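Me: I would like to work through this structure with you, one question at a time. Please build each answer up from its parts.

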Amino acid sequence: MSTAADSRRRRKRTLTARLVLAGGATLVALLAAVVGGIAAYEYEEACLVQQDRAELLARMVEEHAAHALDDATNVLAVGAAAVHRTPPERLAELGGAFVQMAAGQPLVAAMLLVDERGSVVASSVPAARGLRLDSARWTLARAQAQLHYGSYLADAAPVLPGRDSVPVLRSVVGTDGRPGTLVALLDTARLAEFQRHAREDPGTSALLVRRDGQVLSATPEAGVGAGSRITVRPDGHVEFDNGRRVVVATHTLASRPELTVVVVRDLEVGLAVWRRMLAWLLAGGAVAAAVIAAMTFVAERSVRAREAARRQRDAAQHAVALRERELSVIVKSVQELIFRTDHEGRLTFVNARWQAATGQPSESLLGRRLLDLVAPASREAVAALLAPEAAGSRAAQISFAGSERRLFDLALSPLIEGGRVVGHAGSAVDVTERCAAERELQEQLALSALMLDTMPLPVALMDREACYVTVNRAWEQQAGMAREELVGKRARDYLLLAEAAVHERYNREVLEHGGSLSYESEVSQADGTRRTMAVTKAAVIGADGRPRGLLAALTDITEFREADRAMREARDIAEEASRSKSEFIANISHELRTPLQAIIGFSELGMVRGRAHERLASMFGDIHAAGQRMLALVNDLLDVSKIESTVGTFHLERTDLRPLVREVAREIDPLLARRRLHLDLVLSEGQLVAKVDPLRFQQVVRNVLANAVRFSPDGATIELRGDIDASNQIVVTVRDHGPGIPPAELEKIFEAFVQSSKTKDGSGGTGLGLAICRKIVEAHGGSIHAENAEGGGSRFTIAVPARGFADTVV
């Protein structure tokens with residue numbers, strides 16, 4: 001029943017809304033009809049006004065044209081009278097009179113008398129006298145009438161060459177009875193002055209038309225030039241079509257029936273006022289239509305809004321009832337303890353979960369005080385929550401009587417009406433397991449912190465900004481700062497900038513790419529000493545799979561590196577001694593063979609020449625035998641030197657050359673300090689990896705760097721550079737500011753026992769160092785060469801292939 005009534009009400013409101021829309025549409029249509037009728041009426045009125053205006057202008061133009069043409073006709077009449085009085089032999093003298101007549105009438109450009117053969121007898125233009133005119137062109141044949149208007153002449157040659165005019169002809173008879181024609185050339189420019197009233201009216205033009213339709217004069221706006229033809233019907237209507245909407249008025253001159261004045265008025269210009277009125281009328285109509293539409297829309301929306309509001313109200317009431325049922329089900333099924341109390345703290349509502357928490361039926365708890373249900377240890381906290389002066393929501397951790405081992409988080413909010421507390425609403429959550437987990441987590445964290453703190457290696461944890469989050473005791477001791485001072489700082493805040501730059505570069509690499517890496521770095525200690533540390537850093541990955549921090553650990557390897565360096569130095573010294581010995585044996589053997597060859601040669605010569613003298617031959621024989629024994633000994637020494645290789649055996653391994661170069665640079669620090677020299681060391685940021693024997697490669701760098709120190713002046717700078725060139729070779733250059741090397745000796749200095757001529761002043765060595773360097777570098781598949789640098793000094797370049805070749809070369 002209710003549904004049927006609702007349906008009827010909806011149909012009624014829908015019909016009302018449609019009626020409102022129909023009424024609004026009817027009013028808009030009626031308004032459009034009224035506006036259209038007014039516009040049509042005003043249009044007709046505007047057209048009639050334009051026609052009346054054209055008729056008025058035509059009458060004015062006709063009057064002015066008649067006066068101007070009458071003046072020209074009077075001039076012809078005076079000229080005709082003069083012809084009648086003048087004897088034939090003196091007709092030529094009339095030219096002076098014609099000049100005066102033309103000067104007195106501006107409309108007349110020239111006057112001339114023409115005989116029956118077309119020859120000019122007298123003229124106001126002296127040069128025209130005696131000329132012959134074309135009868136057809138000048139329409140002289142029509143001059144038999146008393147007065148005739150000839151055709152328009154665009155060029156009045158030969159009388160007025162280059163000038164346009166209209167000829168007016170009058171027949172005359174001389175004293176001797178001979179006929180002639182008196183011609184007055186009317187200036188078309190002057191003739192058009194009678195049209196000035198038409199030109200002054202916007203959109204209006206005027207024409208003077210002969211009976212046969214030839215236009216004798218026209219304003220520029222007419223669109224029809226003088227000399228052209230138009231059709232003038234007997235009823236006075238002019239067929240004038242040049243693509244414009246026009247209003248035409250014609251008037252035939254009363255005194256000149258063969259001439260008609262035509263006034264053409266542009267209807268579009270004349271209707272400008274009507275268009276402005278139409279624009280205002282349409283604007284007003286549009287505003288009125290918009291008002292009607294807006295009122296109709298508002299009325300229709302009001303009807304629909306009332307219906308929608310009623311439907312929303314019914315839906316809201318239905319939803320509230322549904323939500324109440326759902327809330328009742330949710331409250332019964334929720335796992336938390338939900339309750340409500342009165343202002344005295346007595347329970348007025350509890351859900352079913354209370355029975356599982358307290359062990360008592362939920363119905364039996366209603367009316368009991370909340371304080372009586374909690375354990376004695378929790379009553380003070382619950383009393384504070386129920387205190388009237390306590391404002392806002394509050395919480396406490398409690399346990400119920402009989403189940404003290406279980407913990408609950410109790411949340412309570414006061415219910416206020418009229419400014420006073422009328423009860424409380426709250427909930428309780430069992431947090432026993434969570435609290436146990438938190439205790440275990442705290443114990444694990446304490447154990448981890450203790451293990452970290454007791455580790456002998458310095459360990460630190462950093463966040464994504466590379467700021468210290470925590471450090472252990474060993475890190476504090478190594479940095480010489482308390483943990484509280486280090487937390488929140490970066491490496492650059494307490495390390496030297498050069499040291500911090502190395503650590504920050506590796507920090508960025510780990511935080512960007514994850515994983516872990518290890519490297520060696522010099523670290524300043526709290527006592528000012530510098531220790532070599534093996535640094536290991538690993539990314540700490542967050543729940544999103546991205547690094548959220550990093551863990552760093554340090555291992556002091558200073559003693560290990562010192563022992564390793566001492567061992568390499570001892571081995572280098574032993575190998576150098578062995579090589580020196582071998583080189584010495586080889587060179588001394590070579591030097592001994594030269595005099596031995598002379599001794600053996602001369603002894604053989606003496607033996608041959610001394611055959612005649614037994615004693616002399618015996619002496620030379622002894623000398624020859626001794627020489628042979630010494631030559632055999634020298635050959636044995638050469639064999640020994642061949643067996644003992646100068647460079648020995650190489651053990652190649654894939655190694656980054658930068659730490660090797662830095663280690664050699666640190667070794668020569670005492671030499672640099674003694675001479676007050678500065679080493680400018682610049683190595684590539686990328687790894688310089690090659691397969692080399694680390695000890696042998698360091699031996700080459702050490703020898704070249706030692707030569708640079710030996711020959712550099714005190715206080716100078718030695719430049720040491722390392723990078724990879726375009727041909728994938730690792731290039732190490734050493735540049736000094738010493739005396740340089742003569743160009744002819746740049747290759748000889750790499751030979752054994754050869755020194756530059758500029759260094760044979762006691763500062764040089766045995767001449768074996770660079771020879772050994774070349775042998776070592778060439779054994780690595782590389783090259784070494786020297787050159788003189790710009791600005792003085794020399795530059796030694798060591799190049800070895802990046803990676804590649806065998807692990808061991810003998």
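Me: Helices are DSSP runs of H or I with at least four residues and strands are DSSP runs of E with at least two, both numbered from the N terminus. In these terms, which element supplies the largest share of the lining of the largest pocket?

Reply: The model is predicted, so local features need pLDDT of at least 70 and side-chain atom pairs pLDDT 80 or more, while totals for chains, interfaces and linings use all residues. Residues are numbered from 1 along each chain as its sequence is written, and side-chain values use heavy atoms, without hydrogens and water. At least two lining residues of the largest pocket come from each of α15, β19, β20, α16 (558-609), β23 (653-656), α18 (657-667), α19 (669-675) and β24 (678-683). Within that lining, the largest share is eight residues, and the element supplying them is α15.

Me: Which residues lie closest to the centre of this pocket?

Reply: A pocket is an open set of points on a 1 Å grid over the protein atoms alone, where a 1.4 Å probe fits, with protein on both sides within 12 Å along at least five of seven lines; lining residues have an atom within 4 Å of a point. The largest pocket holds about 1600 Å³ of space (grid points are joined across faces, edges and corners, and a volume is the space filled by probe spheres set on them). Its lining is made of 41 residues, and those closest to the centre are E520, S521, P659, R662 and R666.

Me: How many bridges join β19 to β20, two of the elements in that lining?

Reply: Strands are taken to pair if DSSP finds at least two bridges between them. In the hairpin of β19 and β20, five residues lie between the strands, and one residue there to look at is G528, with a positive phi near 95 degrees. Across the antiparallel pair, L517 stands opposite K537 in β20. The number of bridges joining β19 to β20 is nine.

Me: What is the volume of the largest cavity?

Reply: A cavity differs from a pocket in that the probe fits but cannot get out, and by this rule there are two cavities of 30 Å³ or more. The largest is lined by 17 residues, with Y468, W475, A491, H503 and K537 nearest its centre. Four elements each supply at least two of its lining residues, namely α13 (473-479), α15 (497-513), β20 (530-541) and β21 (547-556), and the largest share, three residues, belongs to α15. The volume of the largest cavity is about 160 Å³.

Me: Which residues line the second largest cavity?

Reply: The second largest cavity has a volume of about 30 Å³. Its lining consists of L69, Y149, V166, L186, L191, L208, L216 and L259.

Me: Which are the edge strands of the open sheet that contains β1?

Reply: This sheet is built of five strands in the order β2-β1-β5-β4-β3, with antiparallel pairing. Strand β1 (residues 108-115) pairs with β2 over three bridges, and L113 has A122 in β2 as its bridge partner. The strands that pair on one side only, and thus form the edges, are β2 (120-123) and β3 (148-149).

Me: In the open sheet with the order β13-β12-β16-β15-β14, which residue stands opposite T341?

Reply: This is another open sheet of five strands with antiparallel pairing, in which β13 (347-350) and β14 (394-400) are the edge strands, each pairing on one side only. Strand β12 (residues 337-342) and β13 run antiparallel to each other and are paired over three bridges. The residue in β13 that stands opposite T341 is L347.

Me: Where does the chain take a cis peptide bond?

Reply: Most residues other than glycine have a negative phi, and most peptide bonds are trans. The loop between β3 and β4 (165-173) holds P158. With omega near 10 degrees, the cis bond is the one from A157 to P158.

Me: What is the phi of A466?

Reply: A466 sits in the loop between β17 (459-463) and β18 (468-471). A466 is a residue other than glycine, yet its phi is positive, with a value near 65 degrees.
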